[in-house]
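Reader: I have a structure open and would like to walk through it slowly. Could you help me read it, one piece at a time?

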Amino acid sequence: MDGIWVQVLIALLAGSCGAVMMLAIGVARKPRTAPAPPPPAARYVPSSSLDQWLHEVRRCEQAVRRAARAVDAVSSSHARQWLQTVVRRMDAELPNVRALSELGRGLAGSEPGDDAVVRRVHSQLDDAATRFSMVADHVVETVVQLVADPDLSRVHEQVTVLREQFPLLRPMSAVFGPTPGSAPARALVRAA
């Protein structure tokens, strides 16, 4: 019995010596190069036009995700289905928000005379992001109220109120319509 343990101990020592030798040979053969420089730190460009347009889109996307997470936590299947219709409607408007963002990005690099339109596009995006956030907050508040007091009729009323707020993105005519100081705009004001 002692012979087996002696053989195991010798095999273990031989394996360890072999591993150390292979490691030493590998280190000796490896070409010595300077360590790679650390990657450059990411710079934040404060007023980059790309960031300006993407920021509003991200705000809308985050609002949809926040509302979806809150709705997924609802245990009542009826309430969850009602609230999911609101989240799906929000999600369905995201492609329009992205399109408006692309439009603004394209116009921002165009001729200087389009500044008023670019400002209106950015205003529309900011308004959309605010509206998305308000609806998401309302959904979260409804879920919190549902947890505190499970009343399906109140949830149904809240969903009806939320549905009346759609569409969250204003029509494109608000962006490309007449500017407030232009002759057609003055004519509209006089007619009203």
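**How the helices pack**

Author: Helix 4 and helix 5 are roughly antiparallel to each other, and I should say early on that this is a predicted model. The two helices pack at an angle of about 175°, with their axes 10 Å apart.

Reader: Which residues in helix 4 and helix 5 meet?

Author: From helix 4 the residues are Val135, His138, Val139, Thr142, Gln145 and Leu146, and they meet Arg154, Val155, Gln158, Val161 and Leu162 of helix 5. Sorted by class, this contact of helix 4 with helix 5 holds six nonpolar, four polar and one charged residues.

Reader: And at what angle do the axes of helix 3 and helix 5 cross?

Author: The axes of helix 3, residues 77-108, and helix 5, residues 152-163, cross at roughly 10° and come within 10 Å. That angle makes helix 3 roughly parallel to helix 5.

Reader: Why do you keep giving me both an angle and a distance?

Author: Because two packed helices are described by the angle between their axes together with the distance between those axes.

Reader: OK, so which residues of helix 3 and helix 5 meet?

Author: On the helix 3 side they are Ala79, Trp82, Leu83, Thr85 and Val86, and on the helix 5 side they are Leu152, Val155, His156, Val159, Leu162 and Arg163. In this contact of helix 3 with helix 5, eight residues are nonpolar, two are polar and one is charged.

Reader: Let me step back for a moment. How many helices and strands does the protein have?

Author: The protein has seven helices and zero strands, which reads along the sequence as α-α-α-α-α-α-α.

Reader: What percentage of its residues is buried?

Author: Of the 192 residues in the protein, 27% are buried. The accessible surface comes to about 13,000 Å², and 62% of that surface belongs to carbon and sulfur atoms.

Reader: What about contacts between residues at least 24 apart in sequence?

Author: If you take the contacts between residues at least 6 apart in sequence, 77% of them join residues at least 24 apart.

Reader: Now the inside. How many residues are in the largest nonpolar core?

Author: The largest nonpolar core has 36 residues, and those with the most contacts inside it are Leu83, Val86, Met90, Val97, Phe132, Val135 and Val139. Helix 2 (49-72), helix 3, helix 4 (115-148) and helix 5 each supply at least two residues of this core, and the largest share, 12 residues, comes from helix 4.

Reader: Can we pick one of those? What does Val86 touch?

Author: Not counting residues up to four places away in sequence, Val86 touches Val135, Val139, Val159, Leu162 and Phe166. Phe166 is worth a pause, since the peptide bond from Phe166 to Pro167 is cis, with omega near 0°. Pro167 itself is found in the loop between helix 5 and helix 6, which covers 173-176.

Reader: Are most peptide bonds cis or trans?

Author: Most peptide bonds are trans.

Reader: Switching topic: is Ser101 buried or exposed?

Author: Ser101 is buried, because its relative accessible area is 2% and the cut-off for buried is under 20%. This serine sits in helix 3, and, leaving aside its neighbours within four places in sequence, Ser101 is in contact with Trp53, Leu54, Val57 and Leu125.

Reader: Where is Leu54, and what does it touch?

Author: Leu54 is in helix 2, and at 28% relative accessibility it counts as partly exposed. Setting aside residues up to four places away in sequence, Leu54 touches Ser101 and Arg105. The C-alpha atoms of Leu54 and Arg98 are separated by 8.4 Å, although these residues are 44 residues apart along the chain.

Reader: One last pair, please: what do Ser133 and Val140 touch?

Author: Ser133 is found in helix 4 and is partly exposed, with a relative accessible area of 25%. Again not counting residues up to four places away in sequence, Ser133 touches Ala63 and Arg66, and the C-alpha atoms of Ser133 and Ala63 are separated by 5.2 Å. Val140 also lies in helix 4 and counts as partly exposed at 27% relative accessibility. With the same sequence neighbours left out, Val140 touches Arg66 and Ala70.

Note on methods:
Residues are numbered from 1 along each chain as its sequence is written. This is a predicted model: local features need pLDDT of at least 70, side-chain atom pairs count only at pLDDT 80 or more; totals for chains, interfaces and linings use all residues. Side-chain values use heavy atoms; hydrogens and water are left out. Axes are lines fitted to C-alpha atoms, for helices over the stretch in contact, and angles run from 0 to 180 degrees between N-to-C directions. Helices (H or I, at least four residues) and strands (E, at least two) are DSSP runs, numbered from the N terminus. Angles under 35 degrees count as roughly parallel, over 145 as roughly antiparallel, 65 to 115 as roughly perpendicular and the rest as oblique. Contact means heavy atoms within 4.5 Å. Ala, Val, Leu, Ile, Met, Phe, Trp, Tyr, Cys and Pro count as nonpolar, Asp, Glu, Lys and Arg as charged, and the others, Gly among them, as polar. Buried means under 20% relative accessible area, exposed over 50%, partly exposed in between (1.4 Å probe, protein chains only). A nonpolar core is a set of buried Ala, Val, Leu, Ile, Met, Phe, Trp, Tyr and Cys residues joined through side-chain atoms within 4.5 Å. Accessible areas come from the Shrake-Rupley method with a 1.4 Å probe; for residues, only the protein chains shown count as cover.
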